[in-house]
Amino acid sequence: MTTTGRRERKKAQTRQALADAALRLFLEHGYDGVTVAQIADAADVSLATLFKHVPDGKEALIFDDGTERREALVAAVRDRPAGTPLLTALHGFLAGRGAFAADLTPELLHKRDLIVGTAALRDYQRKLWMAAEPALAEAIAAESDRTATDPAVRALARYVLQIPDLAGTDPDPQASLAAIIRLLDAGWRD
């Protein structure tokens, strides 16, 4: 068992304080109505500290670094029950996240609506999803006896990772997710 040192705990606390302040201010004033200086002030840190923790700017403040997303995607492929098709597993994974999740707390629902309704946040979220492409392609390749450089593997990984952006703003994101998965499934066999 590893324990988190004091320094790491302080960094995590500061990062969380920044994320909480950013989300609160974005919800109160809109994304464009808030500056990074206001967020730093609300979190009681200097502007330099804010940028040390979040060098990508204010759009990164309410997101993690994408590591959990990448690992969960790979696990959805690698750890799916025997006999479960690849796209069925990925559909299940996506259906429980972000714009597709049906059982969000009110706080997460507000956060989701903020992201879906703010172009800069949607763009940053897309960037995080696309950063998982190499890892997802490796997982798909390993499960389908292909290589990660196979154009079909790379295309499937990319198409799956584009789904949140394509369907997340639709009036019925779940139905759109299902339609896209059906389309991919019609051309993909594992």
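## Helix 7 against helix 9

In this predicted model, helix 7 passes helix 9 with a right-handed crossing. The two pack at about 160 degrees, and their axes sit 9 Å apart. Angles over 145 degrees count as roughly antiparallel, so that label goes to helix 7 and helix 9.

Which residues of helix 7 meet helix 9? They are Arg-126, Trp-129 and Met-130, and on the helix 9 side the partners are Arg-158, Leu-161, Gln-162, Pro-164 and Asp-165. Sorted by class, this contact comes out as 4 nonpolar, 1 polar and 3 charged residues.

## The cavity

Helix 7 and helix 9 turn up again in the lining of the largest cavity, where each supplies at least two residues. The structure holds 1 cavity of 30 Å³ or more, and the volume of the largest cavity is about 30 Å³.

Lining it are Arg-122, Gln-125, Arg-126, Trp-129, Leu-161, Pro-164 and Asp-165. Helix 7 gives the most here, with 4 residues. As for chemistry, the cavity lining has 3 nonpolar, 1 polar and 3 charged residues. Some names are shared with the helix pair above: Arg-126 and Trp-129 from helix 7 and Leu-161, Pro-164 and Asp-165 from helix 9 are in the contact and also line the cavity.

## The pocket

If you're after open space, the largest pocket has about 780 Å³ of it. Of the 33 residues that line this pocket, Ile-62, Phe-63, Lys-111, Ile-115 and Gln-125 are the closest to its centre. Gln-125 is also one of the residues lining the largest cavity.

Which elements give two or more residues to the pocket lining? Those are helix 1 (6-29), helix 4 (67-78), helix 6 (106-116), helix 7 (119-130) and helix 9 (151-167). By class, the lining of the largest pocket splits into 16 nonpolar, 6 polar and 11 charged residues.

## Helix 9 against helix 10

Helix 9 also packs on helix 10, at an angle of about 160 degrees with the axes 10 Å apart. That makes the pair roughly antiparallel, because the angle is over 145 degrees. Here too the crossing is right-handed.

On helix 9, the contact uses Leu-156, Tyr-159, Val-160, Ile-163, Leu-166 and Ala-167, while helix 10 brings Pro-173, Ser-176, Leu-177, Ile-180, Ile-181 and Leu-184. How many charged residues does this contact have? None: the class count is 11 nonpolar, 1 polar and no charged residues.

## Helix 5 against helix 10

Helix 10 (residues 173-187) has another partner in helix 5 (residues 86-95); their axes come within 10 Å and cross at roughly 165 degrees. Helix 5 and helix 10 are therefore roughly antiparallel, and their crossing is right-handed.

From helix 5, the residues involved are Leu-87, His-91, Leu-94 and Ala-95; they meet Gln-174, Leu-177, Ala-178, Ile-181, Leu-184 and Asp-185 of helix 10. This contact has 7 nonpolar, 2 polar and 1 charged residues. Leu-177, Ile-181 and Leu-184 of helix 10 appear in this contact and in the one with helix 9.

## The whole chain

Zooming out, the protein chain has 10 helices and 0 strands. Read along the sequence, the pattern is α-α-α-α-α-α-α-α-α-α. The C-alpha trace spans about 55 × 45 × 30 Å along its principal axes.

Conventions. Residues numbered from 1 in each chain as written. Predicted model: local features only at pLDDT ≥ 70, side-chain atom pairs only at ≥ 80, totals over all residues. Heavy atoms only, no water. 1 Å grid on protein atoms, 1.4 Å probe; cavity = no way out; pocket = protein on both sides within 12 Å on 5 of 7 lines; lining within 4 Å. Points joined across faces, edges and corners; volume = space filled by probe spheres on them. Nonpolar A, V, L, I, M, F, W, Y, C, P; charged D, E, K, R; others polar. Axes fitted to C-alpha atoms, helices over the stretch in contact; angles between N-to-C directions. Parallel < 35°, antiparallel > 145°, perpendicular 65-115°, else oblique. Left-handed = near helix turned anticlockwise from the far one by under 90°. Contact = heavy atoms within 4.5 Å.
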